[in-house]
Amino acid sequence: MPPLPVKSDPSWSVPTASECMQHWEDYNMLDNIKAHSTQVAKVAVTIALIAEHAGIPVHVPTIQASALMHDIAKTYSILHGGNHSQLGAAWTMHLTGNPVIAMGVLHHVFWPFEPDADKYFLPLVVSYSDKRVMHDNLTSLKKRFGDLSVRYGKTEKIKQRIQQTYEQALVLEQRLENLLGVDLNACSFDSGRLV
Ligand SMILES: [Fe+2]
């Protein structure tokens with residue numbers, strides 16, 4: 001059964017960018033993952049601001065926090081193994097007490113339900129933004145997934161999974177573009193800054 005539509009509860013607190021960055025420190029995040037997460041958050045915030053200007057009800061700081069937290073468990077999983085999305089979502093829930101922020105972390109690699117951009121704006125934006133950032137540079141989905149395939153596509157099964165995720169990312173891009181009425185590949189995200 002798909003999750004309920006994402007609606008923030010005013011009683012759920014939202015950490016600021018510097019509070020999220022303190023969590024990075026507490027969880028020994030590697031510098032390259034910090035740089036990547038900062039860039040992903042800038043892309044996510046830019047998309048959230050486009051939505052806000054289009055009159056779509058979004059909460060920009062919640063989207064920013066989820067994007068900043070999305071790889072909170074990546075360093076740990078590199079060192080010790082485990083699924084960094086699941087672990088990161090559990091840690092985020094513990095650290096923030098906010099299930100909407102944790103949901104974006106949980107599903108940032110692959111969205112396992114109908115990609116309804118209106119209902120699930122936050123997790124889809126976090127997942128999509130992650131895929132537009134290669135290391136800490138803005139890129140296209142095609143280049144990002146080409147790089148993933150070269151670096152990780154060691155077996156046919158892994159290659160297939162990367163291809164599936166690429167195809168989903170293209171769908172997410174299309175759904176978000178339809179909702180926002182913008183071409184996300186024409187967007188430079190230059191003025192992307194944290195709020
Ligand atoms: Fe990740």
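A residue counts as buried when its relative accessible area is under 20%. With that cut-off in hand, the structure can be explored from its overall form down to single residues. The model discussed here is predicted.

In helix α6 (99-106), the buried residues are V100, I101, A102, M103, G104 and V105. The helix as a whole is mostly covered, since six of its eight residues are buried. Its buried residues pack against three other helices, namely α3, α5 and α7. I101, which belongs to α6, is a good example to look at in the model. Its relative accessible area is 0%, and because buried means under 20%, I101 counts as buried. Leaving out residues up to four places away in sequence, I101 touches S13, V14, P15, T62, A65, S66, T92 and T96. E156, by contrast, lies 55 residues further along the chain, and the C-alpha atoms of I101 and E156 are separated by 34 Å.

One of the partners of α6 deserves its own visit. Nine of the 10 residues of α3 are buried, so this helix is largely enclosed by the rest of the structure. The buried set consists of V60, T62, I63, Q64, A65, S66, A67, L68 and M69. These residues pack against α1, α2, α5, α6 and α7. I63 shows what such packing looks like for a single side chain and its backbone: apart from neighbours within four places in sequence, I63 is in contact with A44, A48, V58, F121, L122, V125 and V126.

I63 also leads to the nonpolar interior. In soluble globular proteins, nonpolar side chains tend to be buried together. Here, the largest nonpolar core has 51 residues, and I47, I63 and F121 have the most contacts inside it. At least two residues of this core come from each of α1 (17-26), α2, α3 (60-69), α5, α6, α7, α8 and α9. The largest share, 10 residues, is supplied by α2.

Stepping back, the chain contains nine helices and two strands. Read from the N terminus, the order of elements is α-α-α-α-α-α-α-β-β-α-α. For 195 residues, a compact globule would have a radius of gyration near 16 Å, and the 16 Å of the chain agrees with this. Along the principal axes, the C-alpha atoms fill a box of roughly 45 × 40 × 40 Å. Of the 195 residues, 47% count as buried. Contacts across the sequence are also worth a look: among those between residues at least 6 apart, 66% join residues at least 24 apart.

Empty space can be traced as well. Rolling a probe the size of a water molecule over the atoms shows where empty space is left. The largest pocket has a volume of about 1100 Å³. It is lined by 32 residues, and those closest to its centre are K74, H84, V109, L148 and Y152. Several helices contribute to the lining, with at least two residues each from α2 (31-53), α4 (74-80), α5 (84-96), α7 (121-131), α8 (141-152) and α9 (156-180). By character, the lining residues divide into 13 nonpolar, 11 polar and eight charged.

The loops offer some details of their own. The loop between β1 (133-134) and β2 (137-138) holds D136. With a relative accessible area of 36%, D136 is partly exposed. Setting aside residues up to four places away in sequence, D136 touches A35, H36 and Q39. Q39 is 97 residues away from D136 along the chain, yet their C-alpha atoms are separated by 5.8 Å.

Backbone angles pick out two further loop residues. Most residues other than glycine have a negative phi, and most peptide bonds are trans. H135, which is not a glycine, has a positive phi of about 55 degrees. H135 sits in the loop between β1 and β2, and at 45% relative accessibility it is partly exposed. N28 also has a positive phi, near 55 degrees, in a residue other than glycine. Its place is in the loop between α1 and α2. N28 has a relative accessible area of 59%, and because exposed means over 50%, N28 counts as exposed.

Note on methods. Residues are numbered from 1 along each chain as its sequence is written. This is a predicted model: local features need pLDDT of at least 70, side-chain atom pairs count only at pLDDT 80 or more; totals for chains, interfaces and linings use all residues. Side-chain values use heavy atoms; hydrogens and water are left out. On a 1 Å grid over the protein atoms alone, a cavity is a set of points where a 1.4 Å probe fits but cannot get out, and a pocket is an open set with protein on both sides within 12 Å along at least five of seven lines; lining residues have an atom within 4 Å of a point. Grid points are joined across faces, edges and corners, and a volume is the space filled by probe spheres set on the points. Helices (H or I, at least four residues) and strands (E, at least two) are DSSP runs, numbered from the N terminus. Ala, Val, Leu, Ile, Met, Phe, Trp, Tyr, Cys and Pro count as nonpolar, Asp, Glu, Lys and Arg as charged, and the others, Gly among them, as polar. A nonpolar core is a set of buried Ala, Val, Leu, Ile, Met, Phe, Trp, Tyr and Cys residues joined through side-chain atoms within 4.5 Å. Buried means under 20% relative accessible area, exposed over 50%, partly exposed in between (1.4 Å probe, protein chains only). Contact means heavy atoms within 4.5 Å. The radius of gyration is taken over C-alpha atoms; the globule rule is 2.2 Å times the number of residues to the power 0.38.
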